[in-house]
Amino acid sequence: MIPFNKPYLTGKETKYIETAVATGKISGNGVFTQKCQQFFEDTYGFKKALLTTSCTDALEMCAILADINSGDEVIVPSYTFVSSALAFVRQNANIIFADSYTDNPNIDADKIESLITDKTKAIVIVHYAGIACDMEKILEIAEKHNLIIIEDAAQAIDSYYIFKDGTKKALGSIGHLGAFSFHETKNIISGEGGMLTINDERFINRAEIIWEKGTNRSMFFRGEINKYGWVDTGSSFLPSEIISAFLWAQLENIHPIQEKRLKIWNKYHDELKNNENIDLPVIPEYATNNAHMFYIICKDLKHRTELIKKLKEHNILAVFHYLSLHKSEFYASRHVHGELTNSDHFEDCLLRLPLFYELTEAEQQSIIEVINNF
Ligand SMILES: *Cc1c(COP(=O)(O)O)cnc(C)c1O
């Protein structure tokens, strides 16, 4: 069986975990956590990076930092993972779901403005498959209406937005706040894990407090205050050093990991691009590709169901992705949304192919052949 995903281990993970254990400091915010955070800040230009136990947690921190309260509206694409909306629902926000582009699952920036009301407080954007949303348009809208931009960059490590003047900025470093995932299905992993990125300095102090159960413990450990106590809301959002040690082993290998994934992505693209039965991912001029995912777009649900079946007959596991959140059992009754036809189209037609570090060329060739012969 060719699995859909296989978590890649660099070989150093358990060694660094042993190091962490041997130091006797295995709770959070120790040496490995700080090394990882420093790496992210230095490499990608985040003003502040805080590791969390998941991307969902990082999004919950975003919802608290953005001061989302009962009755506030938050705009979220419908074609995304539950957490992009859930984190804001927990702060009692009303979620206003937005549609995707026709040829790209990302939020259609031209449709955002019509969803804004005087209750709108934030826009959550998702860089689907690690491909940037149209950030220049979104920044302009947010500035005009004084909204907070939260980047769900769960899939977007090591990917960039290219501004019209040619400058490049890492995804997760452009909005006010960003959230990454190191879940085992992502490019860089720690089992479960995540990161909050903060690009607007006014959120940094409060983020550290929320991260540490509402206490000013981080300031205490830096010697900035002489005792710490309960000063705000928060939770236990920081991971243990065992998780951070694992993550550090991955970060040391981020370049070979990314190179290998890109090679696989490019082979899929080259060998499927002449197949007239399917559409391939579109990478806009303003976006780079971090090879998080390779997906194809089938003609309709029936076509996709049959292709999944055919691949399974050849022992290949390909999987579809999100179900439109505006139609979900949990949310459909809470707020009536209009038709979001592009989101529904991706729900029915998008199919993800196996893409992982250890996928062999022969395995990939067999996947390509099944699709091209179908
Ligand atoms: C994976 C993912 C998440 C959730 O990440 P966790 O670390 O599992 O909480 C959220 N949003 C998107 C877009 C994702 O792909």
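This is a short chat about the fold, cysteines, loops and surface of a predicted model.

User: Hi! What kind of model is this?

Analyst: Hello! The model is a predicted one.

User: Good to know. How many helices and strands are in the chain?

Analyst: The chain has 12 helices and 11 strands.

User: And how compact is the chain?

Analyst: Its radius of gyration is 21 Å, close to the 21 Å that the globule rule gives for 374 residues, so the chain is as compact as a globular protein of that length. Along the principal axes, the C-alpha atoms fill a box of roughly 70 × 55 × 45 Å.

User: What share of the residues is buried?

Analyst: Of the 374 residues, 57% are buried. As for contacts with a separation of 6 or more, 72% come from residues 24 or more positions apart.

User: What about the accessible surface, how much is there?

Analyst: About 16,400 Å² for the chain, and carbon and sulfur atoms account for 51% of that.

User: Which residues make a nonpolar patch on the surface?

Analyst: Val21, Ile26 and Ile242 make one of about 220 Å².

User: Where is valine 21?

Analyst: Valine 21 sits in helix H1, which covers residues 13-23. With a relative accessible area of 47%, valine 21 is partly exposed.

User: Switching topic: how many disulfides are there?

Analyst: The count is zero.

User: Why does cysteine 36 have no bond?

Analyst: Because the closest cysteine sulfur, in cysteine 55, is 16 Å from the sulfur of cysteine 36, too far for a bond. A disulfide would need the two sulfur atoms within 2.5 Å.

User: And what is the closest cysteine sulfur to cysteine 55?

Analyst: That one is in cysteine 62, at 8.2 Å, which is also too far for a bond.

User: Are those two cysteines buried or exposed?

Analyst: Cysteine 36 is buried, at 0% relative accessibility. Cysteine 55 counts as buried as well, at 8%.

User: Now the backbone. Which residues other than glycine have a positive phi?

Analyst: Lysine 213 is one of them, with phi near 55 degrees. Asparagine 315 also has a positive value, near 60 degrees.

User: Where is lysine 213 found?

Analyst: Look in the loop between helix H6 (204-211) and helix H7 (217-221). Lysine 213 is partly exposed there, at 37% relative accessibility.

User: And the place of asparagine 315?

Analyst: Asparagine 315 lies in the loop that runs between helix H10 (301-313) and helix H11 (341-349). Its relative accessibility is 42%, so asparagine 315 counts as partly exposed.

Definitions and conventions
Residues numbered from 1 in each chain as written. Predicted model: local features only at pLDDT ≥ 70, side-chain atom pairs only at ≥ 80, totals over all residues. Heavy atoms only, no water. Patch = residues over 30% accessible without salt bridge, like charges linked within 9 Å, V, L, I, M, F, W, Y side chains within 5 Å. Areas by Shrake-Rupley, 256 points an atom, 1.4 Å probe, with all protein chains shown as cover. Salt bridge = Lys/Arg side-chain N within 4 Å of Asp/Glu carboxyl O. Helix = DSSP H or I, 4+ residues; strand = E, 2+ residues; numbered from the N terminus. Buried < 20%, exposed > 50% of the residue type's maximum accessible area, 1.4 Å probe, protein only. Rg over C-alpha atoms; globule rule 2.2 N^0.38 Å. Contact = heavy atoms within 4.5 Å.
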